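Here is a quick tour for anyone who works at the bench and wants to know what to look at in the model. Have a look at the sequence and structure first, then read on.

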Amino acid sequence: MGFKKKESGVWVPSHLDQFELGEAISVGDWNVGPGGGRFIPMVRSELTLAGRLQAIRDAGATHIEFHSTEAPAKELKKIKQIVTDLGLNVGMVTANLFKGRPKYANGNFGHPDPKIRALAVKDTKEYINFGVAIGAPVYVYWNGSNGLRVRQGVPYTDLIKWTADSINQILHWMWDTHKENSLAFAIENKPNEPTQWSYPETAGDVIQICQMVDEPVRHLVGGNPEVCHEIMSGSNYALTLARLHVMGKLFHVHLNGATGKQMFDEDLPFGAGDVMTALETVWQLKELKYRGLVGFDVQPRPTDTDAQYAESVKQSIGRFHNLLGAITDLSDPDRRRFLGYQAKGNNAEIDKFFFDLLTGN
Ligand code: GCO
Ligand code: MN
């Protein structure tokens, strides 16, 4: 997929004008599974990679997203075959820089030890090669363990500079090696968990990193905002979509749901927890004429049975299409009425308009 040069001479990720909104649905391979964690037992049976991908495809996905843990680069041939046989494409790949090795316990790109930073850069390059070989348009860097476990755990200015510098190195290498076949490098911010204070924390930090990398490779880097992470920060997700879009940096999205009061990542199905956020998200993507991949990052509920293996994924995709349908079906007079309310600052009517849209009135 790679990058293409616009008439203006600017390089842009090709996948961003590739799909009609809702046509390309990308789901994490890690979004289905047996469950289990610190507080929850394993509740479902284990599936093979092929079994997981089939469940995700049957739930409505067209694209799949991989971590290096479940889809190691050395298994490229086997994985490519499974993906192709199921009629899927790979949407995104991401190296596990948080749980992949014990060495990442205190960070990755911003780790105080230069050897660990170099290891994170190396692991990322290897998985970018995998992404290029398997035809994924997007690479995601999720901060994970990067940040602080205790106050002053890492010198703050160094944390920021080291993180940006590691990314800068990767972008230079990627452009030299893969040129226009490079992946759109999308940074996924999160404010905390597993760290106490993570970096990059917000979309503002993502834009900061984009500004800190060298100009000749700046077109390669953007953001992958996630609903839960924005809610954890107290941010409005749709506003963050716009924040990145106006900078030309909305490279990917991760949709899910949150109740809006937690300090941890709920990863609920899209439309669960806060349905108004879901409605506004779809509204905003349409408003921005977003034509990239619609990614979901949702966890199964701990009570889901084997028969509900991909239920969270299925509900998320179904709700997205539902809300998109309701917005698309709005009549022109209704749209003009809405724009009139915005122009006049009639917040009472705007509020009513959205609620009526949601409830079909
Ligand atoms: C989280 C994150 C991760 C990342 C994934 C790469 O739960 O905090 O969302 O699941 O999304 O590792 O995108
Ligand atoms: Mn995510």
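A polar contact here is a pair of N or O atoms within 3.5 Å; within protein, one must be able to donate a hydrogen and the other to accept it, and residues adjacent in sequence count only if both atoms are side-chain atoms. With that in hand, Glu188 has a polar side-chain atom 2.9 Å from an oxygen atom of ligand 1.

Some housekeeping before the rest. This is a predicted model, where local features need pLDDT of at least 70, side-chain atom pairs count only at pLDDT 80 or more, and totals for chains, interfaces and linings use all residues. Residues are numbered from 1 along each chain as its sequence is written, chains are lettered from A and ligands numbered from 1 in the order in which they are written, and side-chain values use heavy atoms, with hydrogens and water left out.

**Ligand 1**

Back to ligand 1, then. It has 15 residues around it, and the closest are His67, Lys190, Glu226, Asp265 and Asp297; a residue is near a molecule or strand if one of its heavy atoms lies within 4 Å of it. The side-chain contacts to its oxygen atoms line up like this:

| Side chain | Partner | Distance |
|---|---|---|
| His67 | oxygen atom of ligand 1 | 2.7 Å |
| Glu188 | oxygen atom of ligand 1 | 2.9 Å |
| Lys190 | oxygen atom of ligand 1 | 2.7 Å |

On its own, ligand 1 has 320 Å² of accessible area, and the protein covers 93% of that. Accessible areas come from the Shrake-Rupley method with a 1.4 Å probe, and for residues only the protein chains shown count as cover.

**The manganese site**

Which residues hold the manganese ion (ligand 2)? Its coordination comes from Glu188 (OE), Glu226 (OE), His254 (ND1) and Asp297 (OD), at 2.0 to 2.6 Å. Donors are N, O and S atoms within 2.8 Å of the metal (3.2 Å for Na, K and Ca), and since water is not among the atoms, sites may look incomplete. Along the chain, the donors of the manganese ion (ligand 2) are spaced as E-x37-E-x27-H-x42-D. Glu226 sits in the loop between strand 10 (221–223) and helix 6 (227–232), and Asp297 in the loop between strand 12 (294–296) and helix 9 (311–328), so the pair ties together parts that are 71 residues apart in sequence. Helices (H or I, at least four residues) and strands (E, at least two) are DSSP runs, numbered from the N terminus.

Why does the arrangement around the manganese ion (ligand 2) count as irregular? The 6 donor atoms subtend angles of 69 to 166 degrees, which makes it irregular. For reference, four donors count as tetrahedral if all angles lie between 85 and 135 degrees; four count as square planar and six as octahedral if opposite donors are over 155 degrees apart and all others between 65 and 115; anything else is irregular.

Glu226 and Asp297 are both buried, where buried means under 20% relative accessible area, exposed over 50%, and partly exposed in between (1.4 Å probe, protein chains only). His254 belongs to strand 11 (residues 253–255) and is buried too, at 1% relative accessibility. The side chain of His254 also makes polar contacts with the side chains of Glu65 (2.8 Å) and Glu188 (3.1 Å).

**Backbone oddities**

Two cis peptide bonds are worth finding on screen. Glu193 and Pro194 are joined by one, with omega about 10 degrees, and Pro194 falls in the loop between strand 8 (184–188) and strand 9 (197–198). Tyr199 and Pro200 are joined by the other, with omega about -5 degrees; Pro200 is in the loop between strand 9 and helix 5 (203–212).

Then come residues other than glycine with positive phi. Gln152 has phi near 65 degrees and lies in the loop between strand 7 (147–148) and helix 4 (156–178); this residue is exposed, at 56% relative accessible area. Asp267 has phi near 45 degrees and is placed in the loop between strand 11 and helix 8 (275–287). Is Asp267 buried or exposed? At 12% relative accessibility, Asp267 counts as buried.

**Cysteines**

Cys210 and Cys228 are each buried at 1%. A disulfide is a pair of cysteine sulfur atoms within 2.5 Å, and by this rule the count comes to 0.
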